[in-house]
Amino acid sequence: MSPHINCKVAAFNLTTLDTYKYPAEVEWEIDQNNKSSYIRLAKIINKDNHVSGVILQHEYGIFGGKEGKNILSFMQNCKKPTLVTLHTVLPTPTLEMEEVTARIIDLATTLVVLTISSKNLVEKIYPKAVGKVFVIPHGIHPIDFSTSPESKIKLELNKYTILSTFGLLSRGKGIEYVIKALPKAIKKYPSILYLILGKTHPVIVRNEGEKYRIKLLRLIRKLGLETHVRFYDQYLDLHELFEFLKATDIYISTSTNPNQAVSGTLSYALGSGRAVISTQFAQAKEIVTPDTGRLVPIKNPEAITKALLDLLSKPERLKEMHLRAYETTRSMLWSNVAEKYVNLLNRPIIPPLNLNHLQTMTNQFGLFQFASLTTPNKDFGYTLDDNARAAIVCSWLAKTSYTKEVEALFSIYFKFIQTCQNQQGQFINYISYHDQKPTAQNGKEDIEETQARTLWALSEIMNSKNIALTMRKEAEKIFLLKFNNMPKLTHIRAKAVAIKSFALAANVLPDYRKLLTQQIKEYADSLLEALKSNSVKYWHWFENHLSYNNGILPESMFIAGQFTGDSTYKDGGISSLQFLIKKTFSGELYMPIGQSSWYKNHGKRSEYDQQPEDPTSMILALSTAYKNTQNVLYKILAERCFSWFLGKNSLHVSLYDEKTGGCYDGLRTKGVNLNEGGESLISYLMSHIIMKELI
């Protein structure tokens, strides 16, 4: 642990009669069966300004109440960020376990599990864990690598081939299966000595005494293995333990529980540079490779025998496995694990705002349209679409984080909007970098959406009171010049964006409120008619296909409903958004419609190319729906949707580049599009700001 981090520990006692001499780190003791003891500690921690967060190591058996439910008394009253490490994750928990765990997940700020399989299992059983569960491996101690002969001499074991298992003894340990595997192996390698290190688990001793150890001793005598198996019935300190591990040729991890999430003993053995034979439980299947050991079926002595004969047959290969085990576990050092815990405890759910790539993609004229990797691709120039969106981002930031940096960027984007408007109020979209003049592309494409999106940007600026009044008035002038000379929109998404714009503009243009309201109703009625005419039994949408920026359509219905008070619009928003949710959320993943081809009714949807504009559109729709209905499901789905950027997607890769602050251009079938263009960047920043506000 870093020397500047101070940790205090709360220890749990089984009964009020238990008295232990705890080390200095233990500040508090809790009676596990007394709820008031938990609540009292929570209140103490709340008042302690030196406590920045709580790390809770969870096992069902160490807290009082059925399935350890007493810990909820602490979590419900603790106001500090709480990171919970789930050590036991079962595929079929009892009802009580599931209820307690679900509540823990609700109350925790962050969750940690020790294996990838545990993460997948938690997210499958407890959907609310998605987006807040992370994997940090079991830690290991920093010891020097050494070959077994050195430690064997110290322990007077140099004439033996050492197998070992350590840890508290209990029936689930499965040591009897190793003992049964020894006779055939010893026939070929008579120098084998199996060391069983550790006392019987104190709870086992309390309940049944030494029955398990006696059972093992009887089995040893029955098989005539008295000179080949040795018990060390004692607690070993770390120094003693590592001496035994260094003397070990093959460590055997014997768990009989396939659902065991992790084994500290296996971690320590690999971290000591020992080759291992392990049963096939969750952690072992992830970290034991053919280069470091062998996996065997649970409760299978014959498989253990075979693995022993295999590993012992090639001494030089076994030495290489020792070194490989040591090398591959350096990331598991306790210092690294501690750093990950601290970073995660202090890490917000949403990464910190990073405008570095926005600065990179912007020159004194505007925001570049495309990038080659992280460098602006100047050959494609600029678009009003991207600069209008960038102006929206800055107007949102002006409400909470209007720094000089943001103000300077906003001035560039606002001037770009001014440059793109002609004397008749119309906007052009494409401008060349080389001569900063309109390109021929403006005459080849329908840019209705650009017109509407620019009006949305101007409406956001007019409503952002921290922006200079002169600029807000100029935005109003540009808006009205366009609005008063605006032909009727024909495209469905342009109408939807216009509804957003006009509802905002009506707040600051009282003289135009009636006219804006009429236009909102006209476009909203048009959208409702499209929804009605294209909807059939299993298809409830505004078109006969799903394409891009889909969330804007139901969102505009919510906005129209709220603005006009007409519940018909809101109902259309709810029903169409529900349809879109069904089509774009698969299990716990958000799956935007792929841009390679549209998803037609009765057709096959395209899974890729997934682009950042779509999750942003969906987040905006879900956020608006949540604010209109207070249905918490919309908030949960928005969080899940945002996690698409952070790696919770169909390829399990992050689209957000934490180093640059940029966003990759999309998900392809074989990976990400590594270019970090303007639209992708602004889409991420919009999503970031909305989620920060929502959470």
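**Cysteines and cavities in a predicted model**

The structure holds zero disulfides. This is a predicted model, where local features need pLDDT of at least 70, side-chain atom pairs count only at pLDDT 80 or more, and totals for chains, interfaces and linings use all residues. Residues are numbered from 1 along each chain as its sequence is written, and side-chain values use heavy atoms, with hydrogens and water left out.

User: Why is Cys 420 not in a disulfide?
Analyst: A disulfide is a pair of cysteine sulfur atoms within 2.5 Å. The closest cysteine sulfur to that of Cys 420 is in Cys 394, 16 Å away, so the gap is too far for a bond.

User: What about Cys 663?
Analyst: Its closest cysteine sulfur, in Cys 641, is 12 Å away, also too far for a bond.

User: What makes Cys 663 count as buried?
Analyst: Buried means under 20% relative accessible area, exposed over 50%, partly exposed in between (1.4 Å probe, protein chains only). Cys 663 has 0% relative accessibility, so it is buried. Cys 420, at 2%, is buried too.

User: Why is an empty space called a cavity?
Analyst: On a 1 Å grid over the protein atoms alone, a cavity is a set of points where a 1.4 Å probe fits but cannot get out; lining residues have an atom within 4 Å of a point. Five cavities here have 30 Å³ or more.

User: Which residues line the second largest cavity?
Analyst: Among them are Tyr 60, Leu 86 and Thr 88. This cavity holds about 70 Å³ of space.

User: How large is the largest cavity, and which residues lie nearest its centre?
Analyst: Its volume is about 140 Å³. Of its 14 lining residues, Arg 389, Trp 456, Asn 549, Ser 617 and Leu 620 lie nearest the centre.

Terms used: 1 Å grid on protein atoms, 1.4 Å probe; cavity = no way out; pocket = protein on both sides within 12 Å on 5 of 7 lines; lining within 4 Å. Points joined across faces, edges and corners; volume = space filled by probe spheres on them.
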